[in-house]
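Visitor: I am new to this structure and would like a close look at one part of it, taken slowly and with its surroundings explained. Please start from a single residue in the interior and work outwards from there.

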Amino acid sequence: MHKHFAKLLEKARNASGALDEAALDRLVMAELNSARREVALQNRRIATALDSTGHAISIYDRHQKLVYCNDKYLALYRLPKRLGRRGTSFEDILKGRIAANSHVGDDLEHYVSERVSLVDDGEPSTEVHTLNSGEIVSITHQPLTDGGWVSTHKDITEFSRLQAELGHRAYHDALTGLPNRHLLQQRIAECLAEAAGLGSFALLLIDLDGFKAINDTLGHGAGDQVLREVAMRLETTTGAAGMVARMGGDEFAVVMEIGATARDAQALALRLAEAGKRPFVIDGQPASIGFSIGVAVAPGDGSTGEQLLKNADLALYAEKHGRRGSYSFFEPSMDKARRDKRQLERDLGLALERGEFELYYQPILNLRTQAFSGFEALLRWHHRIEGSISPARFIPVAEETGLIVPIGEWVLREAIAEASKWPPKLRIAINVSSVQFQRGNVVATIMNALGASGLAPERVEIEITESVFFDNSTANLDALRQLHALGLKIALDDFGTGFSAMSYLLSYPFDKIKIDGSFVRALENAAGAQTIVRAIAEIGHGMGITTTAEGIETAAQLRNVHAAGYNEAQGFLIARPMPASQVRKMLDGEDDRMPFAPMVQRAAG
Ligand code: C2E
Ligand code: MG
Ligand code: MG
């Protein structure tokens, strides 16, 4: 006998030990009620615990009858309360869901049999359903040992939407809505796989010309406007021919569909370039921008996405540094050109410590006194393999990389130190790049060099080009004024070759202008050259500025600039740039191979 029941029997006996049946009835009823309350409480506890997970929950038995479901379950599927009653069949629930538009499709039998087989597997499983109403639900089934199951339902609609959006964002550019670099790379990979060496397709990289100026002068808002407009033009122009993407910054790309040949790419590039030439209107203001385009055609120009991108980029680079505003196709020589440039950059970085630089000095002749007024220091690089490399080739690279700052400091120190050994009437002219003004401290370097050498500041001439004025901060002008205040002379070099030479003459009180050698060379054949050469001499004279004519190679040229009224002349005819040792020899009178005085006389005569 059950111990518990034995206890009840014991309690139900009267004093004489006889069983009081009525008392036993009462006791059993009380026990039963307390047990029921206990179970109800237990159920409530379980339901609360389940509810507290925040999920919709349903429990079915092996006859597919509802054992329990919480309010969230009814709410999720918009089921009437009555269906939440224990014992409701799974099928009735599903019918209710169809009625509430919260089912998946309208097939009951299939749904039920799938569920049953899932439960029969005995393993927990999860599936994601999109309800007829559009909500997305993730359902986890946990089979129970008695053949029933517990399901947990989560509404993941918001989560899925977010995930899709994040997915879109990871592959699209927020500003223009265009596919981004990642998606472009994927598309290229797809095309390569599809073409599989059989079909061709093309990659076009597009870089905006003049975008930086718009961003800098009109602000980032205007820049964004331009980028959106560009995106639109690229898309309308490309149409179904390919996918347009934004690579970042002001760089875009088009991957053309498989089957596109070099000729198709050329036709599209041409249309794109045309689209870039139409004026842009920003805040009612016209702005001009161009598209520079680099084209690579697969499989010839690359069998991997990386290679194709690199080669299109090389073509773009060539276009950017060439004519701009049009397109260039990749050519293998471009790769070599870039490797060469990289090598040059690396070697240039080591040239200072390797002591590969030397200064040459070219005399400047005073046409009135017929004596040298000084020398211009010209940098020479003795590359250990390539031999002598022209400054026209390495100075731009040094400026691009910033190496011009340490190199330029070396030039200033070296030239000033050398000039301090010359007779006091001779000046030293030193070329200083605009990048040195922007990134270096030219004034401090010069002051230190002057201090160390004892050279008088009046004997130093700084030659600048108009690019010093491009960066429209006043810092460069301030530096020039400081140098001028110290007593140095400031010369405007290569005068006439730039954009608005005249306006720069007014913006700073130069001591000297040097007319570019190209005008002097043009004297003999170009009709207008004579007029320009004379006009510049007159302007200089009128403003009280010394004028120097560069690049004098023939006696006729010398005669010409002398007649035009130039104060000074410089050129191979007078003397080529020479090493410091030769300058000293010449100054010591040891070298009399330069018969410049009679030459000038002949020219003047
Ligand atoms: P630049 O300052 O205008 O120098 C004059 C250039 O013309 C020099 O070329 C000189 O050798 C060359 N030249 C002189 N006479 C004649 C002539 O009769 N005919 C011809 N065809 N050319 C003549 P170089 O030395 O090759 O220098 C080229 C440019 O490189 C210079 O032009 C200057 O802008 C720059 N550069 C040279 N040295 C330095 C330097 O130390 N620092 C900086 N920042 N730039 C330098
Ligand atoms: Mg110069
Ligand atoms: Mg010059």
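Guide: Let us begin with Val 561, which, leaving aside residues up to four places away in sequence, touches Leu 367, Val 520, Leu 523, Val 533, Ala 549, Ile 552 and Tyr 566. What you are looking at is a predicted model, and every distance and accessibility mentioned here is computed from it. Val 561 belongs to the largest nonpolar core, a set of 80 residues in which Val 561, together with Ile 428, Ile 462 and Tyr 566, touches the most other members. Helix 14, which runs over residues 404-419, gives this core its largest share, namely nine residues. There is also a second core, separate from this one, made of 33 residues, among them Ala 222, Val 244, Phe 252 and Val 295.

From the core we can turn to the metal site. The magnesium ion written as ligand 2 has four protein donor residues, with Glu 376 and Glu 463 each giving an OE atom, Asn 431 its OD1 atom and Asp 493 an OD atom, at 2.0 to 2.3 Å from the ion. Read along the chain, these donor residues follow the spacing E-x54-N-x31-E-x29-D. Two of the donors, Glu 376 in strand 14 (residues 372-383) and Asn 431 in strand 16 (residues 427-431), are 55 residues apart, and so this pair links distant parts of the chain. Their surroundings can be set side by side: Glu 376 counts as buried because its relative accessibility is 3%, whereas Asn 431, at 28%, counts as partly exposed. Asp 493 deserves a second glance, since it coordinates both this ion and the magnesium ion written as ligand 3, with 4.1 Å between the two ions.

Charged side chains pair up elsewhere, and a search of the whole structure finds 30 salt bridges. One of them joins Lys 95 to Glu 91, with 3.8 Å from N to O, and both residues lie in helix 4 (residues 90-99), four residues apart, which is about one turn of the helix. Lys 95 is partly exposed, with a relative accessible area of 43%, and Glu 91 is likewise partly exposed at 41%.

Another salt bridge brings together the side chains of Arg 115 and Glu 127, at 4.0 Å from N to O. Here the partners come from distant parts of the chain, twelve residues apart, with Arg 115 in helix 5 (residues 108-121) and Glu 127 in strand 3 (residues 125-130). Arg 115 counts as buried because its relative accessibility is 4%, while Glu 127, at 21%, counts as partly exposed.

The last pair to follow is Asp 209 with Arg 324, whose side chains meet in a salt bridge of 3.9 Å from N to O. Asp 209 lies in strand 6 (residues 201-209), and Arg 324 lies in the loop between helix 11 (305-320) and strand 12 (327-329), so that the bridge links parts of the chain 115 residues apart. Asp 209 is buried, with a relative accessible area of 9%, but Arg 324 is partly exposed at 40%. This bridge does not stand alone, for salt bridges that share partners join Asp 207, Asp 209, Lys 320 and Arg 324 into one network.

Definitions and conventions:
Residues numbered from 1 in each chain as written. Chains lettered and ligands numbered in written order. Predicted model: local features only at pLDDT ≥ 70, side-chain atom pairs only at ≥ 80, totals over all residues. Heavy atoms only, no water. Core = buried A, V, L, I, M, F, W, Y, C linked by side-chain atoms within 4.5 Å. Buried < 20%, exposed > 50% of the residue type's maximum accessible area, 1.4 Å probe, protein only. Contact = heavy atoms within 4.5 Å. Donors = N, O, S within 2.8 Å, 3.2 Å for Na, K, Ca; no water.
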